2 protein chains.
Amino acid sequence: MNFSDEEYKSRLGKVKAAMAARQAETLVISDPSNMHWLTGYDGWSFYVHQGLIVALDLDEPIWWGRGMDGNGAKLTTYLRADGIRPYADDYVQNPLKHPMSFVADILREKGLGKKRLFAESDNYWFSAKCASTLADELGTPPGDATGLVNWCRLVKSPQEIAYLRQASKVCVNVMDTAVASIRPGQPERAAAAAVYRACVMGPAGTPGDHPAIFPIMPSNERTTCAHLGWDPERDYREGDLVLLELCGVHKRYHCPLSRTVFLGKPPDRLRHISEAVLEGVAKVLEFIKPGVTAERVEEKWRDVIKSYGVVKPSRLGYSIGASYVPDWGERTVSLRPGDKTVLAPNMAFHLMPGIWEDDLGFESSEPFLVTESGCEPLTRYPRGILTP
Amino acid sequence: MNFSDEEYKSRLGKVKAAMAARQAETLVISDPSNMHWLTGYDGWSFYVHQGLIVALDLDEPIWWGRGMDGNGAKLTTYLRADGIRPYADDYVQNPLKHPMSFVADILREKGLGKKRLFAESDNYWFSAKCASTLADELGTPPGDATGLVNWCRLVKSPQEIAYLRQASKVCVNVMDTAVASIRPGQPERAAAAAVYRACVMGPAGTPGDHPAIFPIMPSNERTTCAHLGWDPERDYREGDLVLLELCGVHKRYHCPLSRTVFLGKPPDRLRHISEAVLEGVAKVLEFIKPGVTAERVEEKWRDVIKSYGVVKPSRLGYSIGASYVPDWGERTVSLRPGDKTVLAPNMAFHLMPGIWEDDLGFESSEPFLVTESGCEPLTRYPRGILTP
């Protein structure tokens with residue numbers, strides 16, 4: 001296991017306390033990152049319905065999932081064998097039979113059928129059909145506990161921070177690899193392939209892992225938006241603009257990082273945006289300390305870039321931690337107007353001031369930890385336009 | 001675009017006909033592979049809510065999604081600019097504001113607010129909260145059109161088959177790469193890294209792409225279940241058993257393939273299972289032709305392996321096509337009891353007879369096309385235990 005028994009117990013305690021505060025007696029968890037954080041479960045089986053049941057009345061979570069994944073739960077979680085409940089294969093992608101009926105059976109068997117049930121209504125994988133099946137089975141729809149577990153994950157433990165620091169080593173190696181691969185005449189896909197390789201391999205002594213988001217590395221007009229990959233059929237050319245939003249991963253903890261590469265002399269507009277963003281990032285990192293709110297961080301940023309005539313309508317960043325596809329964000333705090341979360345030591349964020357204009361984009365981000373007195377960037381990577 | 005205007009038009013026509021047959025007047029589509037198949041949309045933006053609206057009353061689909069992804073929709077779809085509707089960033093991961101309210105606004109604006117609305121209730125990304133928000137906005141919950149678009153994708157066009165054949169070339173190169181990387185003393189993660197690289201790069205002349213499932217390549221006790229990856233900290237040793245469930249991808253079309261590697265002399269039980277599976281696969285491929293049902297294919301298989309004392313409680317295979325994480329399956333036909341789908345020319349399947357026992361596993365699969373008179377495996381890869 002990646003964490004001590006005590007750490008898993010403490011996590012379960014936090015979740016139960018949050019449940020009690022919401023008058024939730026039973027919780028169905030389907031978000032793979034929440035499953036992993038609570039039990040260690042680690043497999044690519046989330047493409048079918050699976051999850052945990054956490055109940056105030058039960059001392060351990062119950063894992064439920066597809067039959068062929070039950071041995072995976074035995075190998076990767078701390079759960080007792082009788083806490084692992086595999087379902088028959090005909091529950092898979094079958095309009096006549098839904099896995100939530102199996103979950104309802106477990107709830108009834110454990111005497112939890114009439115308890116106040118909540119579910120992660122807007123987390124990954126909890127479909128509309130999951131909710132309606134539970135409602136049909138139990139007579140009442142589950143309450144909404146979207147993000148309940150995610151919020152429990154916000155402040156990181158020393159071991160989690162150690163993994164984030166390892167992930168940052170993987171990340172720097174990934175970024176170095178990407179920048180070195182972007183050369184006129186080289187296929188874009190060769191750079192993407194090298195990035196995947198570096199992310200999974202990691203530098204000497206620090207194993208990497210599979211990324212929760214693919215290498216976002218568009219060129220030229222594709223840099224005008226946020227989530228395009230490389231062009232599988234194109235070679236880089238002199239004069240190319242390339243955005244890189246990449247990550248390093250270690251034991252599922254993600255350290256993301258964005259940078260911008262230009263093959264030649266960058267155009268004036270790009271340099272202007274770069275200056276704005278770099279000043280904004282520097283000022284924001286100076287500003288952050290325990291006690292400031294998420295929205296004040298964004299306000300600080302906005303004040304800086306306003307004077308440059310640069311606009312960023314999207315959030316400035318988000319909390320990070322352990323994750324699986326499709327997202328390395330923790331889906332709790334957003335650095336944006338209206339988010340009044342108070343920053344505290346050992347929270348981790350990706351400060352992601354991506355600018356996507358209608359003819360070009362620029363990205364230079366910083367993953368950081370909140371410390372006792374301020375904040376600490378997780379990488380020391382040059383922030384300006386990279387012109388290899 | 002990867003397909004002609006005519007092909008996209010024909011796809012939309014199929015979907016509208018399926019909608020009409022279900023008395024659906026409007027359909028909200030959130031499954032990324034369905035979005036891609038209908039419009040070409042191709043970005044890693046599905047970690048926030050996005051989708052299409054298809055209405056019998058509208059001549060083209062409407063793409064809706066996050067503001068920063070609107071330019072991506074312009075670049076990767078055939079849609080007119082006014083068919084691309086980006087939402088403000090504060091709809092992202094905000095408990096106070098849900099993107100389905102934005103979708104309801106579009107429906108009302110287009111005069112579709114009172115039409116019979118359906119959604120992909122159990123497809124990816126359509127959360128319980130999506131359904132309840134639409135119900136609150138429009139006064140009635142959406143009907144269930146799970147898999148409606150997926151079923152329209154079942155019979156492949158000539159261009160799709162051409163892409164599947166290219167994907168099979170990528171796949172063979174991926175498998176060769178994996179087998180060559182599994183050697184005593186080599187890190188498991190180095191093999192995984194090489195697999196990712198081969199999948200994205202592709203062999204000379206055939207670009208690959210990012211895979212919808214990570215390289216499933218467990219060793220030893222981890223082979224007792226279906227969906228574990230490599231061990232990031234372990235080196236292979238003499239006597240290792242390694243399962244490989246990998247794929248090749250070309251223009252999002254996936255050709256999956258599973259094989260089993262043993263570093264040394266395979267144990268008797270493994271050889272016995274291998275014999276059973278290989279005879280089963282051969283007999284099934286001989287048996288398949290247009291007109292047979294999915295359940296009859298599985299029955300044929302079961303008859304063969306029964307005589308070996310080998311049991312496979314899970315489905316024998318599934319339809320394949322274009323896909324995104326977390327699954328390369330098309331989520332329609334399953335080769336299993338009760339599935340009465342009649343096989344027809346130009347359907348594509350992954351025949352996946354994985355056997356996971358409590359102390360070891362064995363995999364040897366075959367992707368195939370149904371032809372006019374039988375079926376055609378997409379690869380010619382040796383099926384037995386590979387002992388490099």
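Modeller: Two residues count as in contact if their C-beta atoms, placed from the backbone, lie within 7 Å. By that rule, 64 residues of chain A are in contact with 65 residues of chain B. This is a predicted model, in which local features need pLDDT of at least 70 and side-chain atom pairs count only at pLDDT 80 or more, while totals for chains, interfaces and linings use all residues. Residues are numbered from 1 along each chain as its sequence is written, and chains are lettered from A and ligands numbered from 1 in the order in which they are written.

Biologist: What makes chain A a part of the model that passes the pLDDT level of 70?

Modeller: pLDDT is the predictor's confidence in each residue, from 0 to 100. The mean for chain A is 98, and 100% of its residues reach 70 or more. For the complex, the predictor gives an ipTM of 0.98 and a pTM of 0.98.

Biologist: Which elements of chain A give two or more residues to the side that touches chain B?

Modeller: Helices (H or I, at least four residues) and strands (E, at least two) are DSSP runs, numbered from the N terminus. The elements in question are helix 3 (70-76), helix 5 (128-138), helix 8 (188-201) and strand 10 (329-334) of chain A. Helix 8 of chain A gives the most, with 8 residues.

Biologist: How many residues of each class are on that side of chain A?

Modeller: Ala, Val, Leu, Ile, Met, Phe, Trp, Tyr, Cys and Pro count as nonpolar; Asp, Glu, Lys and Arg count as charged; the others, Gly among them, count as polar. The side of chain A that touches chain B has 30 nonpolar, 17 polar and 17 charged residues.

Biologist: Why is the relation between chain A and chain B called that of a two-fold axis?

Modeller: Copies are superposed by least squares on the C-alpha atoms of residues with pLDDT of at least 70 in both. A rotation of 180° with 0.0 Å of shift along its axis puts chain A on chain B, with an RMSD of 0.0 Å. That is the relation of a two-fold axis. The same surface serves both copies, since 100% of the contact residues of chain A recur in chain B.

Biologist: What are the domains of chain A, and how many residues does each give to the contact between them?

Modeller: Domain bounds come from an automatic or database domain assignment. Chain A has domain 1 (5-152) and domain 2 (158-377), with 32 Å between their centres, taken over C-alpha atoms. The contact takes 9 residues from domain 1 and 8 residues from domain 2 of chain A. On the domain 1 side, helix 2 (32-39) and helix 6 (148-152) of chain A each supply at least two residues.

Biologist: What makes strand 10 and strand 15 (375-377) of chain A edge strands?

Modeller: Two strands pair if DSSP finds at least two bridges between them. The open sheet has 5 strands in the order 10-9-11-14-15 (chain A), with antiparallel pairing. Strand 10 and strand 15 of chain A each pair on one side only, so they are the edges. Strand 14 (residues 366-370) and strand 15 of chain A have 3 bridges, and they count as a pair because at least two are needed. Leu369(A) stands opposite Glu376(A) in strand 15 of chain A.

Biologist: Where is Pro326(A), and what is the omega of the bond that joins Val325(A) and Pro326(A)?

Modeller: Pro326(A) is in the loop between strand 9 (317-320) and strand 10 of chain A. The bond from Val325(A) is a cis peptide bond, with omega about 10°.
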